[in-house]
Amino acid sequence: MSHGPRSGLAAVSSALLAMSRHLEVRDVLKTIVASARELLDAQYAALGVPDDHGGFAQFVVDGVSDEQWKAIGPLPRRHGVLAAMLDDAAPQRLADVRRDPRFGGWPSAHPDLVDFLGLPVRDGDEVLGALFLANKNCPKPDGACGFTEDDEELLGILAQHAAIALTNARLYERSRELTIAEERSRLAHELHDAVSQKLFSLRLTAQAAARLVDRDPARAKGELQQVAVLAAEAADELRAAVVELRPAALDEDGLVATLRTQIQVLDRAHSARVTFTGHLVRALPAAQEEAVLRVAQEALHNALRHSGGEHVDVTLERRGNGAVLRVGDDGGGFDPHAVRRAGRHLGLVSMRDRASGVGGTLTVESAPGKGTTIELEVPGG
């Protein structure tokens, strides 16, 4: 097969590796579409995942700007050629999709599509999505399709691997959801068993003290002392349950290794490049290490979900007896003051609370179009 400068085993291998390195469904969809468009040298590519109501649960495009996509409007319904790819296993290769009798319903702001190649993404009998390319970047004789039989075969191979990558991503997300649900259930049971009985006793004792305060002040004083004891025990039980949430990896591997491992996972799971540099030599007190880890996790979540950046860099280095964590991205940035006025905190409140809770300081540097840097400095022991 010959496909111009992007052809060959290396190009196919790169596309398949790109799909396999992501774990989240949305990232897999975006990678499939971008890989297909680049590999077959098309102007536009899209992948729609059907819902159960005659439309698309997700629809990812490549080659269309954000402004164009906003102008196009709502997600397309399952009609015309798109529906054919979901209902018919046969590929659709057309010289001019606009002349197909099934063509219709395209918004006025939609880019002009001419030659067209599409096919379903299947896992056995289940249709996972509809993948299509449009406007091959090549000379086309009048009335002829730029996409060839070789292109169709190559896209079929890509779609087979896309089905595997998409299925694995769905399994990963379901497994993660189950793990989170199981952990929440476990914590709920532990909190109930450890704390609720003492809180119940505390309430009864406080009620008894209220009844005795007028007619038997001495007994009421004793009951109130018991209230204080029960409240302290309940607080200890709750604190113990929270302490158990400290990631085991911190105790087993240390802060640097834990951060490095988590960031490697995030780098594989997201399209943005996530890097880590750690120069921390000595261990920090447990509370400081957990605060650093939690702030790093929150800052990474914000950067990967909201910044739109291509690179997120995390550094951890010693400063005196303490340490400094920096999480920076090259994304769209924001106005911290405007965010605060709008009542949107992007996790900044919890990060500042964690910093102050261990005697540290948190600073946020960001501006629209300038990226964001979160810096946390914590003291040592």
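In the predicted model, E290 is classed as buried, its relative accessibility being 19%, a value that falls under the 20% limit for this class. This residue takes part in a salt bridge with R294, in which the closest N and O atoms lie 3.8 Å apart; the pair therefore satisfies the criterion of 4 Å. Both E290 and R294 belong to helix α9, which spans residues 286–307, and their separation of 4 residues corresponds to about one turn of the helix.

A salt bridge between distant parts of the chain is formed by E377 and R319, with 3.1 Å between the closest N and O atoms. E377 is located in strand β10 (residues 372–378) and R319 in strand β7 (residues 311–319), and 58 residues separate the two partners. E377 is partly exposed at 28% relative accessibility, and R319 is likewise assigned to the partly exposed class, with a relative accessible area of 36%. Elsewhere, D96, R98 and R99 are joined into one network by salt bridges that share partners.

The pair formed by R273 and D267 combines two classes of accessibility. The closest N and O atoms of this salt bridge are 2.4 Å apart. R273 is partly exposed, at 44% relative accessibility, whereas D267 is buried, with a relative accessible area of 10%. Side chains of opposite charge can pair when their charged atoms come close. Under the distance rule applied here, the model contains 11 salt bridges, among them those of E290 with R294, E377 with R319 and R273 with D267.

Note on methods
Residues numbered from 1 in each chain as written. Predicted model: local features only at pLDDT ≥ 70, side-chain atom pairs only at ≥ 80, totals over all residues. Heavy atoms only, no water. Salt bridge = Lys/Arg side-chain N within 4 Å of Asp/Glu carboxyl O. Buried < 20%, exposed > 50% of the residue type's maximum accessible area, 1.4 Å probe, protein only. Helix = DSSP H or I, 4+ residues; strand = E, 2+ residues; numbered from the N terminus.
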